[in-house]
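Subject: Handing over the structure

Hi,

I'm passing the structure on to you, with the sequence alongside. Below it you'll find my notes on what turned up when I went through it.

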Amino acid sequence: MTENSTSRKGSTLVWILSAIIIILAASLAGILIYLKSQPKPARGIPPITQIQSLEPDSSKWGVNFPNQYSTFLLTKSNDTRTTYGGSEPYSKLKADPRLVVLFAGYSFSIDYNEEQGHLNSLTDVRATKRVNEKTPGTCYSCKSANNPQLWEKMGVIEFDKTPFSVLGMQITNPIGCADCHEANSMKLIVTNPALEEALEAQGKDWRSFTRQEMRTVVCANCHVEYYFKGDGKYLTFPWEKGTKIEEIITYYDKDNFKDWEHPDSGAAMLKAQHPEYETYTADSTHYKAGVSCADCHMPYTRDGAAKFSSHNVQSPLLETEASCGQCHTNIEYVVDRVKTIQDDTRNIMDVTENALIAAIEAIKTAAATENVDLDLLTEARGLHRQAQMMWDFVAAENSMGFHNPTEALRILAISTDLARQAQLAAIQAAGNSEIESSD
Amino acid sequence: MAFIAVIGVGLVASDFTAYLGNNSSTCNNCHVMDNDYEGWYHAGHKQWTTCNDCHTPHSFIPKYWVKATSGYHHVTTFLFRKIPVAIRAKESSRKVVQKNCKRCHETTIINLDRGLVYGLDDSERYCFDCHRNAAHGDRGLSILPFQHTEKNE
């Protein structure tokens, strides 16, 4: 009797428990099936069209992103000149005639204008007198949204080997969406193979970078120091040893590379391009605080109720409220700091340029002297090469020192010293008695 | 023991553990947070604060109490489709944020409390009654058709 009732009780309990478990499992499965059958909710604003991978025509992307695209269109006409830059295509040679002496014998002494906004990239590269019939296709590497597609289709080696004029027939779009964005996901990506290779050489993979890092790294698709390697004119960033100017010069020295030979000093010269990325990331104060290029040059703006990153890439000095005001409360004060930093850099750069010209003249005079000490003359030429590349690393960089004030002044100080050493070595090579008696 | 293991595995597998951490992308799992997330991402506070730095208390027990209660609130609102058109902070949430403003900006506030700049009545007001754009920038919509996270995914 007792045994019977216990076993009956036990079996009832098992039945009840099993029922609960089955009901719970069924409802769980039901919920999962219900959730799975729900339409996938669109995130944010649904896109109007699908963009083909590597689509070179930015106006097609613009259908989905009217705000970004309409601000991007402003880069065609945003030609305001700031104190030391901006986007007005004024002649740098007229603004500072010393450049004609410093770049003598090189195309930069003939035509060297301030660059305009992104949408003018093709007009500008086709108008410059620096381009001639021998110019390789490599020069288009940073000028067009056709590039990612062409690189995939014909390969980088072929792209760079093709003459500028021939390659130009396939290039119809200026810089655009496809240069920085992956279609549809709109993720920021590295598109320039030279950047990918340069990062690889340093053991870095951009695919592991954060969104904030990418907001600086995509600018390095173009705003960097580069050269055309070998006979194939293969686009290469000289970053193997590092991105500081000393490391870059060491790289070039090892490669025995020269851009041209200076006709007055006879030195094998290097020309710096536009090392904004290298300068900014050399531990500048804004970089160390986690600020990206886009934070200042493409500030987050509002149009009606919509908020987006302005694609009218320009000098932050033209929109200080949006660019500086996100972090700094006293805008008048910080803009005044920019002026102080840029004025200082310009003044020191004047000193450096005078020293470089003195060095060039001294070497020229020494070389024309009879019985010149050839060892000392070679040394003087080597010093001129190094000094001018260091100066140019600051001069060709588009911020008049602001991207990294301490680094700019550090480089200019060393450059001035090297230029004066070059001058001294040249005077000694010529056997100037005055110098010798003074030591 | 087995029960705890099953629960533990379940929590990790369902990514529930993400909700115990401080990553701002986690708060942006829900679409309704897109605007707030993007606003914060592009504003000056991003360099120093995550969502939790302002929106949850900082001592251990109050922090997880707030996470638990607001988590419960968010889940039920979501499940029963009771999401308000305009999401506004509750009074208790506003108190949490206010405490956190003070936590970092204490030295600035010392002056205010002495009435050097503001009147005595103002000491009862919230910082963000006036400084509305401080953490999320201007009010507005993120017009992106996709979710961004701190990782470039």
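Strand S6 of chain A and strand S1 of chain B, which covers residues 141-142, pair in the parallel sense over 2 bridges. Please keep in mind as you read that this is a predicted model. Two pairs of residues show you where to look: A:Ala306 stands opposite B:Leu141, and A:Lys307 is opposite B:Ser142.

That pairing belongs to an open sheet of 3 strands, in the order S5(A)-S6(A)-S1(B), with mixed pairing. S5 of chain A and S1 of chain B are the edge strands, each pairing on one side only. Within chain A, S5(A) and S6(A) run antiparallel and are joined by 4 bridges. Here A:Thr301, for its part, stands opposite A:Phe308 in S6(A). The two strands form a hairpin with 2 residues between them, where A:Gly304 takes a positive phi near 65°.

Is S6(A) covered on one side or on both faces? Both faces are covered: A:Ala306 and A:Phe308 are buried on one side, and A:Lys307 and A:Ser309 are buried on the other.

Now for the contact between the chains as a whole. Chain A gives 34 residues to it and chain B gives 33. Together the two chains bury about 2700 Å², with 50% of that on carbon and sulfur atoms. Which three residues supply more of the area that chain A buries against chain B than any other three? They are A:Arg43, A:Arg211 and A:Lys307, which supply 35% of it. You have already met A:Lys307, as the residue opposite B:Ser142 in S1(B).

A:Arg211 comes up again in the polar part of the contact. There is 1 salt bridge between chain A and chain B, and it is formed by the side chains of A:Arg211 and B:Glu38, at 2.9 Å from N to O. The count of residue pairs in polar contact between the two chains, with both residues at pLDDT 80 or more, is 13. On the side of chain A that touches chain B, the elements giving two or more residues are helix H3 (66-73), helix H11 (211-217), strand S5 (300-303) and strand S6 (306-309). The residues of that side divide into 17 nonpolar, 11 polar and 6 charged.

Turning to chain B by itself, its secondary structure comes to 8 helices and 1 strand. Along the sequence the pattern reads α-α-α-α-α-α-α-α-β. The C-alpha atoms of chain B fill a box of roughly 60 × 40 × 30 Å along the principal axes. Of its 153 residues, 27% are buried. Looking at contacts in chain B between residues at least 6 apart in sequence, 68% join residues at least 24 apart.

One residue to look up in chain B is B:Ser25, in helix H2 (residues 24-27). Why does B:Ser25 count as buried? Its relative accessibility is 12%, and the cut-off for buried is under 20%. Apart from neighbours within four places in sequence, B:Ser25 is in contact with B:Tyr37, B:Gln147, B:Thr149 and B:Glu150.

Back in chain A, helix H10 (residues 193-201) is worth a visit too. Its buried residues are A:Pro193, A:Ala194, A:Leu195, A:Ala198 and A:Leu199. What covers them includes helix H7 (147-154), helix H8 (156-161), H11 and strand S2 (234-236) of chain A. H11 is also among the elements that give two or more residues to the side touching chain B. At the N-terminal end, H10(A) is capped by A:Asn192, which has a side-chain oxygen 3.0 Å from the backbone nitrogen of A:Ala194. After the helix comes A:Gly203, with a positive phi near 75°.

If you'd like a place to begin, try the sheet where S6(A) meets S1(B), and then move on to A:Arg211 and its salt bridge with B:Glu38.

Happy exploring, and best wishes

Technical notes. Residues are numbered from 1 along each chain as its sequence is written. Chains are lettered from A and ligands numbered from 1 in the order in which they are written. This is a predicted model: local features need pLDDT of at least 70, side-chain atom pairs count only at pLDDT 80 or more; totals for chains, interfaces and linings use all residues. Side-chain values use heavy atoms; hydrogens and water are left out. Contact means heavy atoms within 4.5 Å. Buried area is the accessible area (1.4 Å probe) that two parts lose on being put together, summed over both. A salt bridge is a side-chain nitrogen of Lys or Arg within 4 Å of a carboxyl oxygen of Asp or Glu. A polar contact is a pair of N or O atoms within 3.5 Å; within protein, one must be able to donate a hydrogen and the other to accept it, and residues adjacent in sequence count only if both atoms are side-chain atoms. Ala, Val, Leu, Ile, Met, Phe, Trp, Tyr, Cys and Pro count as nonpolar, Asp, Glu, Lys and Arg as charged, and the others, Gly among them, as polar. Two strands pair if DSSP finds at least two bridges between them. Buried means under 20% relative accessible area, exposed over 50%, partly exposed in between (1.4 Å probe, protein chains only).
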